[in-house]
Amino acid sequence: MIMRKHRSRHTRHWKLTAITLLFAVYACAALYYSTLEPDLLRLGATGLCGLLFVATSCIRQPIRRIAALCGLCAGFAIWFCTNLPSNNREWAGEYAVLADAIQDGRMVHVRNIRDFTYKTETDYTPHYYNADFDLDHLATIDLITSYWAGDSIAHVFLSFGFDDGRHLAVSIETRRQKKFSYSTIAGFFHHYELTYVTADERDLIGVRTDIRKERVYLYRLELSAQTREAVFKNYLTEIHKLTTTPRWYNTLMDNCTTEILARANARTRYRLDWRVLLSGYTASLAYDLGLLNTHYDFATLHELSRIKRPANAVPDANYSNEIRESLPLALANK
């Protein structure tokens, strides 16, 4: 009996220690990757948080230890929930200017469409322009996947095409501050605001195909005119909303792929599909849902949908036509 009580007490001790460690790691990481300024305050808060959690392990009485741990967790939760995103920071150049979109009847006025000219990924000439789009002339939506980390992870975004030949690409990304480099781990915490980069295809796709030399694929989404318009209008609403109500980016819950599904009003079960988290396989999810060209099996469609560019190509005025010349959507029209 004594041995059983001792074993039970020992088990509770280690369970409590494990829970404390998990909370401590998460809280310290959240503070470390937070936007607290100056850096000394951020680092000091991280260190103090760690010390306080360690201090709870020195409390021998379980009830008092649990009470202290709950107090720390409550304090962290209050800070975390009141740590709000902002549009007023010193942003990296490519995220410095937010786009805006206003709908007036059937016309849409989009402001600050990004159209950078790149020499290298970090050496570019910034340029923005405004444009008006008629909803009655929205003709296509293309799904773009750009692979930068093997086959499992890709950046996924949409490009909206109009029957006059124009395209408006919209990429949901982390809005990174100038002083921070990109970090995948940081995206799990309140480190990046979420932004809808609204750009010319020469910029948004061109920097990936011609400058970064990523593997980029373009698929035509098979959608009704009504669905295309609904998705586009949902994007426009969110673009405008973010100009006054910023949001945090989150690698798991609010990322480039989950946001696309949210704007498309996709059912929850599709948002929880493993191919959403492993975004390199998102196109195969779209294929299984009947949203891509089903005249090919997916492996063939995937291979045919890769954008192929000459070795020294640079995005020019005819870029949108050039990248589609050899794709299945163009071949089907020949």
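A salt bridge is taken here as a side-chain nitrogen of Lys or Arg within 4 Å of a carboxyl oxygen of Asp or Glu. In the predicted model, the side chains of Asp-39 and Lys-179 satisfy this criterion, with an N to O distance of 3.6 Å. The pair joins distant parts of the chain: Asp-39 belongs to helix H2 (residues 39–56), whereas Lys-179 lies in the loop between strand S8 (167–175) and S9, 140 residues apart. Asp-39 is partly exposed because its relative accessibility is 36%, and Lys-179 is likewise assigned as partly exposed because its value is 43%.

By the same rule, the count of salt bridges comes to 28. The chain carries 40 positive and 35 negative side chains, and the centres of these two sets are 15 Å apart. A further salt bridge is formed by Asp-151 and Arg-215, whose closest N and O atoms are 2.8 Å apart. This pair also links distant parts of the chain, with Asp-151 in the loop between strand S6 (138–149) and strand S7 (153–162) and Arg-215 in strand S10 (residues 215–220), 64 residues apart. Arg-215 has a relative accessible area of 23% and is therefore partly exposed.

With regard to overall architecture, the chain contains 13 helices and 10 strands. Its C-alpha atoms fill a box of roughly 85 × 45 × 45 Å along the principal axes. Of the 334 residues in the chain, 46% are buried. The exposed surface of the chain amounts to about 17800 Å², of which carbon and sulfur atoms supply 59%. Among contacts between residues at least 6 apart in sequence, 65% join residues at least 24 apart.

Charged side chains also occur in buried positions. The side chains of Glu-238 and Arg-247 form a salt bridge with an N to O distance of 2.9 Å. Glu-238 is classed as buried because its relative accessible area is 6%, under the 20% cut-off. Glu-238 and Arg-247 are part of a network of salt bridges that also includes Asp-254, Glu-259 and Arg-263.

Two members of this network, Glu-259 and Arg-263, are among the buried residues of helix H7. Helix H7 (residues 256–263) is largely enclosed by the rest of the structure, because 8 of its 8 residues are buried. The other buried residues of H7 are Cys-256, Thr-257, Thr-258, Ile-260, Leu-261 and Ala-262. The N-terminal end of H7 is capped by Asn-255, a side-chain oxygen of which lies 2.9 Å from the backbone nitrogen of Thr-257. Just after H7, Asn-265 adopts a positive phi of about 55 degrees.

Another buried acidic residue is found in the loop between strand S9 (193–199) and helix H4 (201–204), where Asp-200 is located. Asp-200 has a relative accessible area of 9% and is therefore buried. The side chain of Asp-200 makes a polar contact of 2.8 Å with the side chain of Tyr-129. When residues up to four places away in sequence are not counted, Asp-200 touches Ile-113, Arg-114, Asp-115 and Tyr-129.

Ile-66, by contrast, is placed in helix H3 (residues 62–82) and is partly exposed because its relative accessibility is 41%. The C-alpha atom of Ile-66 is separated by 8.3 Å from that of Thr-56, which is 10 residues away along the chain.

Key: Residues are numbered from 1 along each chain as its sequence is written. This is a predicted model: local features need pLDDT of at least 70, side-chain atom pairs count only at pLDDT 80 or more; totals for chains, interfaces and linings use all residues. Side-chain values use heavy atoms; hydrogens and water are left out. Helices (H or I, at least four residues) and strands (E, at least two) are DSSP runs, numbered from the N terminus. Buried means under 20% relative accessible area, exposed over 50%, partly exposed in between (1.4 Å probe, protein chains only). Contact means heavy atoms within 4.5 Å. Accessible areas come from the Shrake-Rupley method with a 1.4 Å probe; for residues, only the protein chains shown count as cover. Lys and Arg count as positive and Asp and Glu as negative; His and the chain ends are not counted. The place of a charge is taken as NZ of Lys, CZ of Arg, CG of Asp or CD of Glu. A polar contact is a pair of N or O atoms within 3.5 Å; within protein, one must be able to donate a hydrogen and the other to accept it, and residues adjacent in sequence count only if both atoms are side-chain atoms.
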